[in-house]
Protein chains: 2
Amino acid sequence: MDDKTMQPLLQHMLCLDLYAANQAVHRVYKPLLAPLGLTYLQYLVMVGLWERDPLSVSEIGTRLGLESNTLTPMLKRMEAAGLITRRRDPGDERRVNISLTAEGDKMRAAAGEIQRCLMEATGRSEAELLRFQEDLRGLIGNVKRAAEDG
Amino acid sequence: MDDKTMQPLLQHMLCLDLYAANQAVHRVYKPLLAPLGLTYLQYLVMVGLWERDPLSVSEIGTRLGLESNTLTPMLKRMEAAGLITRRRDPGDERRVNISLTAEGDKMRAAAGEIQRCLMEATGRSEAELLRFQEDLRGLIGNVKRAAEDG
DNA sequence: ACATAATATATCGTGCACGATATAATCAGT
DNA sequence: ACTGATTATATCGTGCACGATATATTATGT
C-alpha cells in the first residue's frame, strides 16, 4: 500500500538518476573528445584497444555490452576516420580483427589527462569512487540476473 | 604516475558501469512495457503525466533532461499511438501542452506492478536503494557542475 | 565426407540523443 | 506602438542502440 509502489513518481525512480548520470558523464567527455574527433563510445573502443590489440568485434562487444548490429557501423566509421583497421582473422574467417592505426595509437597520449578530468569532475576521492563502483556493480549484477530470468 | 591515470583500462572506468547499468535497467523494463506498447523513455513520459497533467514539452524536458529535438518526434509517436494529445497552450501559443488520453490514463493501473518488479530486480531494500540514490545524485550534481564550468 | 548445429559478422528498420538551425510567439525597453 | 532580445517548439543530419534476419565459416556427430 506504499504510494511509491502504487503511483510511481519520477522523483523517486532510480532509473532516471542512472539515465541522468550517463547524460552528465557524456557531457563532460564530449568537449574533451571533440579535439580528437572521437565520440564517447568510440573513445571506449579506443581504450579497449590501447589495452589489447587486436580485438575481434565480439571481444569489443563483450567489453561494452554491444553486438555487431551496433558495432559494425561504428567500427566502419572509425575505420573511415583512420583510427583503426578491420581485417578478417586468417585463423578464423568468421572473425574480424580490429587494430589501431599509427594515428589511433598516438591518441593514447591524450587519455591520461582525459581520465584525470573525469575523476576530478566526480568530486570524489579514488577510494570513494571505488566503493561506489563496487556498489553499482553489485546492483548491475542483480538487475542483469533478473533480466535473464525474466 | 598512477597507471590508472596514465593508461585507462575499461575495467576501472566508472562510466562504463553507469553505461552497463542503464543497459541492464533497460532490458528489465522492455518485456514489462512491451504489452503496453511503450518504450522505456515513453514510459518515463507517462509516469510524469500520471503525476501531473498537462505538462508542456519543456516541462517534460526538464524532468528527463531532454529538449524538443528529442521530445517532439517522440511525443508525435505517442500521439499517433493514442497515448497523449498535443495542443497549443491558449495562454501562450509558443507552448504545446501534453495530456493523457483516456487510454493513456488507464495504463496507470499497470505502473505499480512494474515498479515492484524493478525494485525486486535490484535485490536491494528500499533503504539501501535510497542511500544509493542519494550517493548517485551527489555524484551527478558534481559532474553536471563540472560539465557546465568546462 | 556429410548433414546439421553453432558461431561471427553484417544488414535493415525503428527509436532515441543531440548540435545546429529555423520559426513563431512573447517580453522588455524605449 | 515598435524594435530587439528571449523563449518555446520544430526540423535536420549524424551517430548510437537493438530486435530481427541473412550469410558465411567453423565445429560436431554419425
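**Chat about a protein–DNA model**

Colleague: Of the atoms of DNA strand D within 4 Å of the protein, how many percent belong to sugar or phosphate?

Modeller: For DNA strand D, 68% of the atoms within 4 Å of the protein belong to sugar or phosphate, and the rest belong to bases. Please keep in mind that this is a predicted model.

Colleague: OK, and which residues are closest to DNA strand D?

Modeller: There are 27 residues around DNA strand D, and the closest of them are B:Y19, B:S68, B:T72, B:K76 and B:R86. Two of these have polar side-chain atoms beside the backbone of the strand: one in B:Y19 lies 2.5 Å from a phosphate oxygen of DNA strand D, and one in B:R86 lies 2.5 Å from a phosphate oxygen of that strand. In B:R95, an N or O atom of the side chain is 3.3 Å from a phosphate oxygen of DNA strand D.

Colleague: Which elements supply at least two residues of the surface near DNA strand D?

Modeller: Both chains take part, with α3, α5 and β3 coming from chain A, and α2 (14–33), α4 (57–64), α5, β2 (84–89) and β3 coming from chain B. Sorted by class, the surface near DNA strand D has eleven charged, ten polar and six nonpolar residues.

Colleague: Now the other strand. Which residues are closest to DNA strand C?

Modeller: DNA strand C is surrounded by 27 residues, the closest being A:Y19, A:S68, A:T72, A:K76 and A:R86. Sugar or phosphate accounts for 68% of the atoms of DNA strand C within 4 Å of the protein, and the surface near this strand has six nonpolar, ten polar and eleven charged residues.

Colleague: What does the side chain of A:T72 have 2.7 Å from it?

Modeller: A phosphate oxygen of DNA strand C lies 2.7 Å from an N or O atom in the side chain of A:T72, while a polar side-chain atom of A:R95 is 3.3 Å from a phosphate oxygen of DNA strand C. Chain B reaches this strand too, as an N or O atom in the side chain of B:R77 is 2.9 Å from a sugar or linking oxygen of DNA strand C. The elements giving two or more residues to the surface near DNA strand C include α2 (14–33) and α4 (57–64) of chain A, as well as α3 of chain B.

Colleague: How can chain B be laid on chain A?

Modeller: A turn of 180° with a shift of 0.0 Å along the axis lays chain B on chain A with an RMSD of 0.0 Å, which means that the chains have the relation of a two-fold axis. In chain B, the C-alpha nearest that axis belongs to B:L18, at 3.4 Å from it.

Colleague: And why do the copies meet through the same surface?

Modeller: Because 100% of the interface residues of chain B are also interface residues in chain A.

Colleague: Changing topic, which members of the largest nonpolar core touch the most others?

Modeller: Among its 98 residues, these are A:Y29, A:Y43, A:L44, B:Y29, B:Y43 and B:L44. If residues up to four places away in sequence are not counted, B:Y43 touches A:P8 and A:M13 from chain A, and its contacts in chain B include B:Y29, B:L33 and B:W50.

Colleague: Last one: where is the cis peptide bond in chain A, between which residues?

Modeller: The cis peptide bond joins A:D53 and A:P54, with omega about 5°, and A:P54 sits in the loop between α3 (40–51) and β1 (55–56) of chain A. In chain B, a cis peptide bond joins B:D53 and B:P54 with omega about 10°, and B:P54 is in the loop between α3 (40–51) and β1 (55–56) of chain B.

Conventions
Residues are numbered from 1 along each chain as its sequence is written. Chains are lettered from A and ligands numbered from 1 in the order in which they are written. This is a predicted model: local features need pLDDT of at least 70, side-chain atom pairs count only at pLDDT 80 or more; totals for chains, interfaces and linings use all residues. Side-chain values use heavy atoms; hydrogens and water are left out. Helices (H or I, at least four residues) and strands (E, at least two) are DSSP runs, numbered from the N terminus. A nonpolar core is a set of buried Ala, Val, Leu, Ile, Met, Phe, Trp, Tyr and Cys residues joined through side-chain atoms within 4.5 Å. Buried means under 20% relative accessible area, exposed over 50%, partly exposed in between (1.4 Å probe, protein chains only). Contact means heavy atoms within 4.5 Å. A residue is near a molecule or strand if one of its heavy atoms lies within 4 Å of it. A polar contact is a pair of N or O atoms within 3.5 Å; within protein, one must be able to donate a hydrogen and the other to accept it, and residues adjacent in sequence count only if both atoms are side-chain atoms. Ala, Val, Leu, Ile, Met, Phe, Trp, Tyr, Cys and Pro count as nonpolar, Asp, Glu, Lys and Arg as charged, and the others, Gly among them, as polar. Copies are superposed by least squares on the C-alpha atoms of residues with pLDDT of at least 70 in both.
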